[in-house]
Amino acid sequence: MYRNLTIRQKQIVWAWAFLALPVLFYSVIRFYPTGNAILISFQDWNLLGDRTWTGFDNYQKLFSDPVFWKVFKNTFVYLLLGTPLSLIISFVIAYHLDKTRFMHGLLRMLYFLPFMTSAVAMAWVWRWFYQPVPVGLFNNALAGMGIPQFPFLQSTTWALPSVLAPAVWAGLGFQVIIFMAGLRAIPRSYYEAARIDGVSTWTVLWEITLPLLKPTIVFIVVFSSIGFLRIFDHVFNMTTNNPGGPLNSTKPLVLMIYETAFSSFDMGYAAAQTVVLFVVLLVVSLIQLRILRDS
Amino acid sequence: MAVTEIRPTTDALLKTQAPKKSANMGQIIRWTLLFLGGVAMVMPIAYMISTSLKWPHEVYNLKLIPDEPHIENYTYVLEDGRFYWWFLNSMIIAVITTICNVIFDSLVGYTLCKFRFPGRYIVFIAILSTLMIPTEMLVIPWYLMSQQFGWLDTYWGIMFPGLMTAFGTFLMKQFFETVPDDFIEAARIDGLNELQIWWTVAMPLVKPALAALAIFVFLGNWTAFIWPLIVTNSVEMYTLPVGLSSFGDEADVAWELIMTGAAISTIPTLIVFLIFQRYIIQGVVMAGLKG
């Protein structure tokens, strides 16, 4: 049977033989659950009782829930602080690291090392740093210099930036490496031409380096935005005694989803929140691609 | 004409030659600042390791080098037994998932790259579109699925969502583009079947990409938190991040023991990094530019 097939037909048979298992996997583990999540978002279900159709009730409940709007705001604060901050810091480091030859490898290693750590482990390390005197490293250092205590994780104002800091810290190395690759890809001849024309370093940066780095910047902005919108590990581990606290001031959308689904077992309501997360991620990425590609 | 063309060059030469000393000074300042920044970057890791080697009475001082470094914290934490299990669980899960991804992502990437068959474009778009779906949207259906089939609290339950990834598939597809079709054609004429061609001809040619993929998948699964947190119930089934999180949350656990747990879950990936540094940095660049 197989022997009688043409070479082209044999190729088709092989291709589908190779793809059979993966296609099954993507259908059952990716597409079916996606549809299922959307379906559940229109139902009321506490995991034990019956599933009842409730139309848009879950979404209505969500949009009239003050906690949701607080969480929604927090999620965007993570995004709006985290993305620009990490973009600027990583660019400044990459720009200077690119011009440094002496012990370049060592410096690069120092900046990249945090990327290889586990978010949970580092969340606990930073949590320790933030503790009040006599436990926490930062407050001990402040006390040593005679500066008043700083209420990192206790304050509703400062808890969110404090939780964000290790997330930014851990991602910097990755972005620095991507930026350096982008900088390397800019042809040397552009810089030489600029030098011959006697253009200032500042002008070179604004007129040559940054415009030519645009694809790299677009990638980093979209990639890190998705990461900050989905922040969970750091928040959960730094506030386990009161997840998302104090007073929901650090709670992001993913933590709200986790609690609704796996503490309250309100599956329909949680599914509606995941659909909102999906839409937020999609819209933010599309807007960023639009703006950054056109300008 | 000739004069105007030469002048900027000489100007530029004069400019670059005159302030050479201060340029060197600038280089030194630049290097020093970068070095201090780099040291600050690794400080949290350094303090984690240093504290895990300290006795309780010196944990809260700022000294980076312990007065009398010791490994009592490690023996204490490991004798408790739980970290030993969690380490083993994480290792088993990360290794199996990595092997699965290396095989399947490259097989699918290879097929999409080198075969022409009806349905190719649809499969390509379908897999690509899964990149837009956040994991958090899938955890509820995955949980229900696991509950229905009895996968809760099992290795399979922790692993099944990550056995193949769209990201890995596209990374590999990009790299198989660099394998010349002539090689594959020649192997066909030599009478190798398609499976042999993929495994013995194409795969060895993309080894750097496979290494990068393996490291990413391993790191991702080693540090994965939310899904293992949801799918495991019993303490023996926890992975390291889930275990560390519950360990830290227990009342009265000393900080030096938490730091020891954190070090146990971080040191393996740091060692992997120090050994395969070049591959990993190349991998980040490849993934960033092509993925």
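This is a short tutorial dialogue on reading a predicted two-chain model, chains A and B.

Q: Before anything else, what confidence does the predictor give the complex?

A: Start with the scores. The model is predicted, and the complex comes with an ipTM of 0.91 and a pTM of 0.89. For chain B, the mean pLDDT is 87, with 91% of its residues at 70 or more.

Q: Where in chain B is confidence lowest, and where is it highest?

A: The low end is helix α1 (residues 2–17) of chain B, with a mean of 43, and the high end is helix α7 (residues 155–159) of chain B, at 96. Residues 1–19 of chain B stay under 50 in pLDDT, and the model gives that stretch nine contacts beyond four places in sequence. Where pLDDT is low, the predicted coordinates shouldn't be read in detail.

Q: Okay, on to overall shape. What does the radius of gyration say about chain A?

A: The idea is to hold the value up against what a globule rule gives for that number of residues. Chain A has a radius of gyration of 25 Å, while the rule gives 19 Å for its 295 residues, so chain A is more spread out than a compact globule. The C-alpha trace of chain A spans about 75 × 70 × 35 Å along its principal axes.

Q: What are the domains of chain A?

A: The domain assignment splits chain A into domain 1 (1–40) and domain 2 (54–294). Taken over C-alpha atoms, the centres of those two domains of chain A are 37 Å apart.

Q: And what is the radius of gyration of chain B?

A: Chain B comes out at 26 Å, where a compact globule of 291 residues would be near 19 Å. Its C-alpha trace spans about 85 × 65 × 35 Å along the principal axes.

Q: How many helices and strands does each chain have?

A: Chain A has 13 helices and two strands. Chain B has 15 helices and zero strands.

Q: What share of the contacts in each chain links residues 24 or more positions apart?

A: Here you take contacts with a separation of 6 or more and ask what share spans 24 or more positions. In chain B that share is 75%, and in chain A it is 67%. Burial is another quick readout: 41% of the 291 residues in chain B are buried, and 38% of the 295 residues in chain A are.

Q: How many residues of chain B are in contact with chain A?

A: Count residues on both sides of the interface: 72 residues of chain B are in contact with 74 residues of chain A. Helix α2 (residues 20–52) of chain B gives the most to the chain B side, with 13 residues. By type, that side of chain B divides into 52 nonpolar, 13 polar and seven charged residues.

Q: Let's zoom in on one helix. Is α11(B) mostly covered or mostly uncovered?

A: Mostly covered: 12 of the 17 residues of α11(B) are buried. Among them are Phe216(B), Phe218(B), Asn221(B) and Trp222(B). As for geometry, helix α11 (residues 207–223) of chain B reaches 24 Å from its first C-alpha to its last, close to the 24 Å expected at 1.5 Å a residue.

Q: Now a single residue. Why does Leu183(A) count as partly exposed?

A: You count C-beta neighbours: 20 or more within 10 Å makes a residue buried, and 12 or fewer makes it exposed. Leu183(A) has 18 inside 10 Å, so it counts as partly exposed. Leu183(A) lies in helix α7 (residues 159–184) of chain A. Outside its neighbours within four places in sequence, Leu183(A) is in contact with Ala94(A) and Asp98(A).

Q: Any backbone oddities? Which residues does a cis peptide bond join?

A: Look at omega for this one. Val133(A) and Pro134(A) are joined by a cis peptide bond, with omega about 5 degrees. Pro134(A) sits in the loop between α5 (119–130) and α6 (137–144) of chain A.

Q: Which residues have a positive phi without being glycine?

A: Phe265(A) is one of them, with a phi of about 55 degrees, in the loop between α12 (253–262) and α13 (267–294) of chain A. Asp153(B) has a positive phi too, of about 65 degrees, and is in the loop between α6 (135–149) and α7 of chain B. Phe265(A) is partly exposed, with 13 other C-beta atoms within 10 Å, and Asp153(B) is partly exposed with 15.

How values were computed: Residues are numbered from 1 along each chain as its sequence is written. Chains are lettered from A and ligands numbered from 1 in the order in which they are written. This is a predicted model: local features need pLDDT of at least 70, side-chain atom pairs count only at pLDDT 80 or more; totals for chains, interfaces and linings use all residues. Domain bounds come from an automatic or database domain assignment. Two residues are in contact if their C-beta atoms, placed from the backbone, lie within 7 Å. Helices (H or I, at least four residues) and strands (E, at least two) are DSSP runs, numbered from the N terminus. Ala, Val, Leu, Ile, Met, Phe, Trp, Tyr, Cys and Pro count as nonpolar, Asp, Glu, Lys and Arg as charged, and the others, Gly among them, as polar. The radius of gyration is taken over C-alpha atoms; the globule rule is 2.2 Å times the number of residues to the power 0.38. The expected span of a helix is 1.5 Å times one less than its number of residues. pLDDT is the predictor's confidence in each residue, from 0 to 100.
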